[in-house]
Amino acid sequence: MPALVYKVSGRDNVGTALSRLEEGVEYPVYEEGRGFVGTVKPRVPVPAWHKVALERIEEGGEVVKFGYVIGVAVTVVEEGDLVHVTNVLLDPTHDFRQMVRQGLVLGTSPVRVEKGEVLRVGANLKPLHPALRSLPPRARVGVAASAIAEGGTVRLGNIVEPPPRLRRNERYVRLVRDFYRLLRAGLIEFARVEVG
Amino acid sequence: MPPTVKAYYRESRKVYGARNHVLVLPTTLCVNRLAELIWEEFKEERWGDSGENRVVLARHNSGCCHIGFDLEVAYRALLGVASHPNVHGVLLVSLGCGQLCKRPLAPGESKEQNLAAFKLYDRLVKRGVRVRWVNVQEPIRGSGDGFERAVELGRKFVREMVEEAQAAKRVEAPLSRFVIGVGNGASDPTSGLFANPAVGYVVDELVRSGASVVFSQTTEVLGSEEYLVGKVADESVARKLRRLLETAYALKEALAEYLGESDPTPGNIASGISTLAEKSLGSILKAGFDPAIKLADVLPYAHPVPRGGGLYFMDGPGEDVLAITGMVAGGAHAVIFTTGLGTPVGSVVSPVVKVTANRETYAKLSKIIDVYVPVEELFSSGASLRELALRELYPVVLEVLSGDRLTKSELNGQMDFDIRSYWLRA
């Protein structure tokens, strides 16, 4: 295979090395359907069939190949970096299995919560989802859409009105976006709300 | 003008066959050898313009001591392959005490009293399939040993059907009456990057031309839910898909302890795959790119695939022969199968077109691989992968359906057939 980097889709921010690439040498980038679209200079040697970053990816940013998200960067990835298990993980918010099984679990409730009651971190909500872990104690997460039993799970689906602070949280926004996309597609159902 | 191919029309079943085989089908594994003895007399015979038709033998390991819905699955698969459009006629070879084709009627016994005995045979007759039946435990008129008489009688039946099949001629048939399966196995990095996407472009084209396309291998789609979500437009399809994926995840979790490997596997990681999503996207892109083509239905293993167009997803294991058997029992006239490292896999009644994008593999194993996608042309001539796929692979699929070209799997006599089972046998 020629010494170049193959980009499957225009949306991709990583490309695949078709043979081993040397550090510091400029290689052409070929994009499917468009042809040669630029060059990339690997910062480390890249083994054949491994991925190289075509642009800087921020920590927590999506890694895109085939036009789809294949994971998130767990650290800042510079253009030309090797992208592999050391710096990319399957995003926990893309844990479809959990979405499928339970609706999206945000946390558990140590006490019974009545319909309409405000859910606050550490008070009546023990956060489980990574999107909630960065919130300070007693931060308002939402309002119970119906009663939640003691020890019951708090899901997207039994709370309403997420607070403005959470709406600006990138992870949370992505979580909600994916949740509603799956919901619209019928791949998840609103979890049944336990009535105590 | 929608594309057409040349095929055998079967008036009694209103189907078109890409082949005109005569099938020898044991209804239980105990009579595999007997079925083989019957088949051996015909193994060199070929007919059709390219010699693409023959007597085929479907040896398998099912038909007895199944528990639960395994019996239903085995029944569905045997019924599916016996009534396959590519089959002119079928000889059922049974023992007499298997689960699917039992002893014949005792004198004075009515058919209703022994319904299970005839279920498979009756359904085939009702579907208008040309079918004959030999049963080892049944007393056969004439002298000599019962086993030898069964061989003799079986050969006589097959001879009759071969003569009928030889007289048939191909006629023009619309592509919309065909089902094509797609799969992948013995993969390497060229599979995910080039071969599977190339097949995806061909699949888009086939579906747009009115054909039905089915893909399977449930374990390999886990992780590509973002893609699947984009392929779902219908609530009942979504429900079925969700149930299937839930079960597959649960199964995978239950087996994790025995597999002793994470997914992606250490082998995947060594070849540059970082996450499960990346791995499964490389596999599922063979189901096509066109966002307008949605999943028409999600089907159980070996369930008939509706003809008349659309993209279908069939439950099935990742293992090549089991997955192909499921799609072929569902009525796939031909299967497109990608490979990176190379595999000889075929199927008993349907041609399997094997595709690779690995130049070395193709050079080394051209006796088992049909099509090479010349990816180096992407960078030298500026052709897109879609253009290469439609130029190199699409016409081959039509030629194979028309019988103008035999696949390597057919030339090598690969009569692979193995039915998935979910439980231990009793």
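**Helix packing, domains and the chain A–chain B contact**

In this predicted model, H1(B) and H4(B) cross in a right-handed sense. The two helices span residues 32-40 and 146-167 of chain B, and their axes come within 9 Å, with a crossing angle of roughly 50°. Angles of 65 to 115 degrees would count as roughly perpendicular and those under 35 degrees as roughly parallel, so H1(B) and H4(B) end up oblique to each other. On the H1(B) side, the residues that do the meeting are Leu34(B), Leu37(B) and Ile38(B); H4(B) brings Phe147(B), Ala150(B), Val151(B), Gly154(B), Arg155(B) and Val158(B). Sorted by class, that contact has 7 nonpolar, 1 polar and 1 charged residues.

Zooming out, chain B is assigned two domains: domain 1 covers 21-167, and domain 2 covers 175-411. Their C-alpha centres sit 31 Å apart. Where the domains of chain B touch, 17 residues of domain 1 are in contact with 17 residues of domain 2. On the domain 1 side, strand E3 (21-26) and helix H2 (69-82) of chain B are the elements giving two or more residues. H2(B) gives the most, with 5 residues. This side of domain 1 has 8 nonpolar, 6 polar and 3 charged residues.

Then there is the meeting of the two chains. Here 33 residues of chain A are in contact with 29 residues of chain B. On the chain A side, two or more residues apiece come from strand E7 (68-73), strand E9 (88-89), helix H1 (96-102) and helix H4 (170-184) of chain A. By class, this side of chain A has 20 nonpolar, 7 polar and 6 charged residues.

Note on methods. Residues are numbered from 1 along each chain as its sequence is written. Chains are lettered from A and ligands numbered from 1 in the order in which they are written. This is a predicted model: local features need pLDDT of at least 70, side-chain atom pairs count only at pLDDT 80 or more; totals for chains, interfaces and linings use all residues. Two residues are in contact if their C-beta atoms, placed from the backbone, lie within 7 Å. Helices (H or I, at least four residues) and strands (E, at least two) are DSSP runs, numbered from the N terminus. Ala, Val, Leu, Ile, Met, Phe, Trp, Tyr, Cys and Pro count as nonpolar, Asp, Glu, Lys and Arg as charged, and the others, Gly among them, as polar. Axes are lines fitted to C-alpha atoms, for helices over the stretch in contact, and angles run from 0 to 180 degrees between N-to-C directions. Angles under 35 degrees count as roughly parallel, over 145 as roughly antiparallel, 65 to 115 as roughly perpendicular and the rest as oblique. A crossing is left-handed if the near helix is turned anticlockwise from the far one by less than a right angle, and right-handed if clockwise. Domain bounds come from an automatic or database domain assignment.
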